[in-house]
Amino acid sequence: MGLFTSPIKTLDDLFLHTLQDIYYAEQQIVKNLPTMAEKASNPELKAAFEHHLTETKNQVKRLEKVFEMHGKPAKGVTCPAIDGILTEAKELISDCGDKEVCDAAMLAAAQAVEHYEISRYGSLIAFASQLGRNECARVLQETLSEEKAADKKLSNIAETKVNRMAA
Ligand SMILES: [Fe+2]
Ligand SMILES: [Fe+2]
């Protein structure tokens with residue numbers, strides 16, 4: 001059975017497992033974003049982290065709505081992928097000796113998180129559509145759009161400010 005708490009036999013099982021995985025991941029992100037916002041020196045980066053924290057808290061609620069629509073209790077399963085990305089980010093930040101380079105490192109780590117989320121939400125929407133759960137797909141699409149916008153905003157801050165300052 002590996003890492004998973006219940007066997008995954010059908011696409012429906014896989015949809016539920018992925019929903020639980022991202023539910024856990026979003027909660028870990030809510031826990032970690034305040035530290036990143038606190039440590040960010042660049043005001044735009046700090047504001048972007050704070051804004052995305054608000055969005056992420058709402059994404060957790062949105063997932064609870066999807067669980068409800070799916071007729072299952074909201075429950076997370078440990079996601080080793082997000083734990084790995086966040087652990088690596090924390091190690092990198094604590095090793096960083098220069099505040100501008102630290103900003104660049106945190107921004108890059110945050111983009112790794114966004115890309116993970118974009119990948120998971122993309123799959124969830126595809127599964128939901130295949131299963132005929134169009135309303136679930138629509139709600140998940142709202143979050144996917146926010147994740148893509150967050151990623152784009154971070155790229156812009158990196159290119160115009162943070163990476164330049166770090167160089
Ligand atoms: Fe998210
Ligand atoms: Fe995100």
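Here's a short tour of one helix residue and one metal site in this predicted model.

**Stop 1: M36**

Start by selecting M36. You'll find this residue in helix α1, which covers residues 11-39. Is M36 buried or exposed? Its relative accessible area is 10%, and since anything under 20% counts as buried, M36 is buried.

Next, bring up its surroundings. If you skip the neighbours within four places in sequence, M36 is in contact with F49, M106 and A110. Now add A126 to your selection and draw a line from C-alpha to C-alpha: M36 and A126 are 31 Å apart in space, with their positions 90 residues apart in sequence.

**Stop 2: the iron ions**

Jump over to the iron ion (ligand 2). Which residues hold its protein donors? Show the side chains of H52, E114, E117 and E147: H52 donates through NE2, while the glutamates use OE atoms, with E114 listed twice. These donors lie 2.1 to 2.6 Å from the iron ion (ligand 2). Along the sequence, the donor residues follow the spacing H-x61-E-x2-E-x29-E.

Now add the iron ion (ligand 1) to the view. The two ions, ligand 2 and ligand 1, sit 3.3 Å apart, and E117 coordinates both.

**Stop 3: E114 and E147**

Stay with the donors and pick out E114 and E147. This pair links distant parts of the chain: E114 belongs to helix α4 (residues 99-130) and E147 to helix α5 (residues 134-166), 33 residues apart.

Try colouring them by accessibility. E114 has a relative accessible area of 3%, so this residue is buried. E147 comes in at 0%, so E147 counts as buried too.

How values were computed: Residues are numbered from 1 along each chain as its sequence is written. Chains are lettered from A and ligands numbered from 1 in the order in which they are written. This is a predicted model: local features need pLDDT of at least 70, side-chain atom pairs count only at pLDDT 80 or more; totals for chains, interfaces and linings use all residues. Side-chain values use heavy atoms; hydrogens and water are left out. Helices (H or I, at least four residues) and strands (E, at least two) are DSSP runs, numbered from the N terminus. Buried means under 20% relative accessible area, exposed over 50%, partly exposed in between (1.4 Å probe, protein chains only). Contact means heavy atoms within 4.5 Å. Donors are N, O and S atoms within 2.8 Å of the metal (3.2 Å for Na, K and Ca); water is not among the atoms, so sites may look incomplete.
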